[in-house]
Amino acid sequence: MFERFQRTLVMNYIIGSGLAVFGVGGVFIFQTLDLSIREILLLLGIMLGSGIVMIFSELLLYRRHIRPIRQLFMTESPSIDELTSAFEQASRFPILTVQRILCPHLFGLSIPSIGLTAVFIQMGWIDLPYRLIGLAAIGAVMIAVLHALIEYFLTVRSVEPLLVYMKERHFELYHQPIHATYRSFSVRTKLLISMLITGVFPIMLFMLASSVQLSTSNRTDTYWNWAFVILVIIVGIAVLCSFLLYDNIKRPIGLLTSGIEQMESGQLQKIENPYLDEFAQLIGGFNQMVETVTAREQENAQLLDSLFILFAATLDARDPYTAGHSERVAMYSVELARAIGLPQAQVDLLNKSALLHDIGKIGIRDDVLLKEGKLTDEEFSKIQEHPTIGIHILSQIHLPASLQPILAGVRSHHERIDGKGYPDRLSEVDIPLFGRIMAIADAYDAMTSDRPYRSGMPVEKALSILENGRGTQWDAEFVDVFVRLRRQAISA
């Protein structure tokens, strides 16, 4: 990451220098002045030599500025102080970049260039009036400021992944957020400075270039041809600066918009927060909201799960001989659902449905529900009402849309593949998925559990009954998977 960061800075510098110094500055000189080939070569040599001095000066400053960050990446387990120092330095890097641009640009490029140009004029190698040197000095300051503005916004973008990495590294090592004191320019300050430079720079550049052009040329047609070129450059500068400013504001707003859209779709995810201005507070507030909502949802989910278990335990408490039946049916159902590849969200709903599959038995009289002997036809018809009673009970709770799928399992867990089940005599795939899964789990637990009037049958016998009923009473594919799972459990 560190090497990528440095490569990005180098590319930014090349882009910024190319646009400001050689683009604007070069056109300003060579398009404005009427120069001979010899004078052009001399001025190019001056610019090249001064440019080398400028780059060397900036490199010295850069090595000092980058040192804390480089030290971080050279240390396998950095201390809190080292991480904090590197984070603070990375946070300041856009401002440090401005310092590296302005000082070496003025003292490493402008002063040597102006001095050498004056010497060459004195020696007669360049035929220009001395007053143009003063105008050139003003132009140098303007170009330095333009270069610094471009580099600032490019560096802000480049440093953001580095800040995110340092935050994550600090939390990974010390399990606490990094505590930094540096704060970037506010959005208002960035807007004011950018608009000031973007608005004033083109006007000053045109006025300055016009002064030079009018003082060196008497031809009106030449002036207007030149003016058109300068205006094109000015428009390009304004568009570029506006784009950089827009991009600086758009990215955090885009992150917030994306986060809100994810939240609306049910995905609670934090947003990376490498910002140090007002957007840092906005994204920090959003992330805090995500944490709070996530914690609240976890609490609600735990409470809801506890309530489902409580309902199941309350139902089982009516008949001590079937205690734990609902939880075991839920366990078998979940095991089968995972084996056939249901998504986790469906598995969770199936678990809840299975816990409540017999809740309708609350509405069955004790003399029928707890009868130890064989049930009469009338009594059995009463037992067969428990799925519809269960649906009636749950409909009083006004379940949210996300929990509505559990109703299908409660109603249909006694349906049969051949259509001879109850309460709706559904068949084949018309039986809801939850009902087909729970029917197998319910039957298996009923056969293998002890009753007052009989002992639970051996597991192998129960599995054989399931196999005999595959395709008629129970879903054949699900029976095969369930039987395989149970035999694997026995052999283990």
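In the predicted model above, a helix is a DSSP run of H or I that spans at least four residues, and helices are numbered from the N terminus.

**Exercise 1. State where S91 sits, decide whether S91 is buried or exposed, and list what S91 touches.**

Solution. Begin with the position along the chain: S91 belongs to helix α3, which covers residues 80-122. Next comes the accessibility, and here a cut-off is needed, since buried means under 20% relative accessible area. S91 has a relative accessibility of 3%, and therefore counts as buried. Finally, leaving aside residues up to four places away in sequence, the contacts of S91 are L163, Y182 and L276.

**Exercise 2. Describe the make-up of the protein chain in terms of secondary structure, burial and contacts.**

Solution. The secondary structure consists of 16 helices and zero strands. Of the 492 residues in the protein chain, 43% are buried. Turning to contacts between residues at least 6 apart in sequence, 71% of them join residues at least 24 apart. The surface can be added to this picture, for the chain exposes about 25,800 Å², and carbon and sulfur atoms supply 62% of that area.

**Exercise 3. Work out how helix α15 is placed against helix α16, and which residues meet.**

Solution. Two packed helices are described by the angle between their axes and the distance between the axes. For α15 (residues 459-468) and α16 (residues 476-491), the axes come within 10 Å and cross at roughly 165°. Angles over 145 degrees count as roughly antiparallel, which means that α15 is roughly antiparallel to α16. The crossing of α15 past α16 is left-handed. On the α15 side the residues in contact are V459, E460, L463, L466 and E467, and on the α16 side they are V479, F482, V483, R486, R487 and I490. Sorted by class, this contact holds seven nonpolar, no polar and four charged residues.

**Exercise 4. Carry out the analysis for α14 and α16.**

Solution. The axes of α14 and α16 lie 11 Å apart, and the packing angle is about 40°. This makes α14 oblique to α16. The handedness of the crossing is right-handed. From α14, the residues L433, R436, I437, I440 and Y444 meet F478, V479, F482 and R486 of α16. By class, seven residues of the contact are nonpolar, none are polar and two are charged.

**Exercise 5. Name the buried residues of helix α12 and say which helices they pack against.**

Solution. Helix α12 runs over residues 386-395, and its buried residues are H386, P387, I389, G390, I391 and L394. These buried residues pack against α11 (377-383) and against α13.

**Exercise 6. Examine the backbone at P423, H175 and E428, and place each residue in its loop.**

Solution. Start with P423, which is joined to Y422 by a cis peptide bond with omega about 10°; P423 is in the loop between α13 (406-412) and α14 (433-448). E428 is likewise in the loop between α13 and α14, and although E428 is not a glycine, its phi is positive, at about 50°. With a relative accessible area of 46%, E428 is partly exposed. H175, by contrast, lies in the loop between α4 (131-174) and α5 (187-216). The phi of H175 is near 55°, a positive value in a residue other than glycine. Since exposed means over 50% relative accessible area, H175 is exposed at 61%.

Technical notes
Residues are numbered from 1 along each chain as its sequence is written. This is a predicted model: local features need pLDDT of at least 70, side-chain atom pairs count only at pLDDT 80 or more; totals for chains, interfaces and linings use all residues. Side-chain values use heavy atoms; hydrogens and water are left out. Helices (H or I, at least four residues) and strands (E, at least two) are DSSP runs, numbered from the N terminus. Buried means under 20% relative accessible area, exposed over 50%, partly exposed in between (1.4 Å probe, protein chains only). Contact means heavy atoms within 4.5 Å. Accessible areas come from the Shrake-Rupley method with a 1.4 Å probe; for residues, only the protein chains shown count as cover. Axes are lines fitted to C-alpha atoms, for helices over the stretch in contact, and angles run from 0 to 180 degrees between N-to-C directions. Angles under 35 degrees count as roughly parallel, over 145 as roughly antiparallel, 65 to 115 as roughly perpendicular and the rest as oblique. A crossing is left-handed if the near helix is turned anticlockwise from the far one by less than a right angle, and right-handed if clockwise. Ala, Val, Leu, Ile, Met, Phe, Trp, Tyr, Cys and Pro count as nonpolar, Asp, Glu, Lys and Arg as charged, and the others, Gly among them, as polar.
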